[in-house]
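Okay everyone, let me pull this one up on the screen. I'll talk about the cysteines and then about a pair of helices.

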Amino acid sequence: MSHCDKVAHCDVTDLDALAEATEALGGVCLSDTAARWWGHSVGDYPLPEGYTADSLQAAMKRPARTLRFPGASYDVAAVPRLDGKKGYELVLDWYGTGGLTLVLGQKGGRLAAAYNEAVTVKAAKKQGFTVTRSVEKGKVMLALSRVRSN
């Protein structure tokens, strides 16, 4: 079985931030490594938008990065966007035995949140802010502060 889709709400343009997000969730970000998945589409689930069975198989074999998480037998593939814009989309196989839903949440929500946090922190620090992270009622809160000199 194969249930491939894209991680929603995650416009990846920074592979270093993606590696940080992956590590924050206990995974590793690999280069030159094929992504583990069912191996082919069997037609029981719609393909990710823009993909054919052949292009999906090729993308999973040669991703820009492969995200591997403990306890999951399938991986996430960071592949160049199909629309020609700069960046990457995250493609994965959600099939139950792959274990990614347990690690990343529904539709990869935890991965998208961790990536967006890493990008925000990186940009804030580049602009001279100090970042304080806290969790309130299950939500990550980032407080940015900067001391201004007179």
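So, Cys10 is buried, with a relative accessible area of 9%. Buried here means under 20% relative accessible area, with exposed over 50% and partly exposed in between, using a 1.4 Å probe and protein chains only. Cys4 is buried too, at 2% relative accessibility.

Quick note: this is a predicted model, where local features need pLDDT of at least 70, side-chain atom pairs count only at pLDDT 80 or more, and totals for chains, interfaces and linings use all residues. Residues are numbered from 1 along each chain as its sequence is written, and side-chain values use heavy atoms, leaving out hydrogens and water.

How many disulfides are there? Zero, where a disulfide is a pair of cysteine sulfur atoms within 2.5 Å. For Cys4, the closest cysteine sulfur is in Cys10, 17 Å away, so that's too far for a bond. Cys10 has its nearest cysteine sulfur in Cys29, at 12 Å, and is in no disulfide either.

Now the helices, which are DSSP runs of H or I, at least four residues, numbered from the N terminus. Helix α4 covers residues 109-126, and its buried residues include Leu111, Tyr115 and Val121. Just after α4, Gly128 has a positive phi of about 90°.

Helix α1, residues 15-24, packs on α4 at an angle of about 125°, with the axes 8 Å apart. Axes are lines fitted to C-alpha atoms over the stretch in contact, and angles run from 0 to 180 degrees between N-to-C directions. Among the residues in contact (heavy atoms within 4.5 Å) are Ala17 and Leu18 of α1 and Leu111 and Tyr115 of α4.

Note on methods
Helices (H or I, at least four residues) and strands (E, at least two) are DSSP runs, numbered from the N terminus. The expected span of a helix is 1.5 Å times one less than its number of residues.
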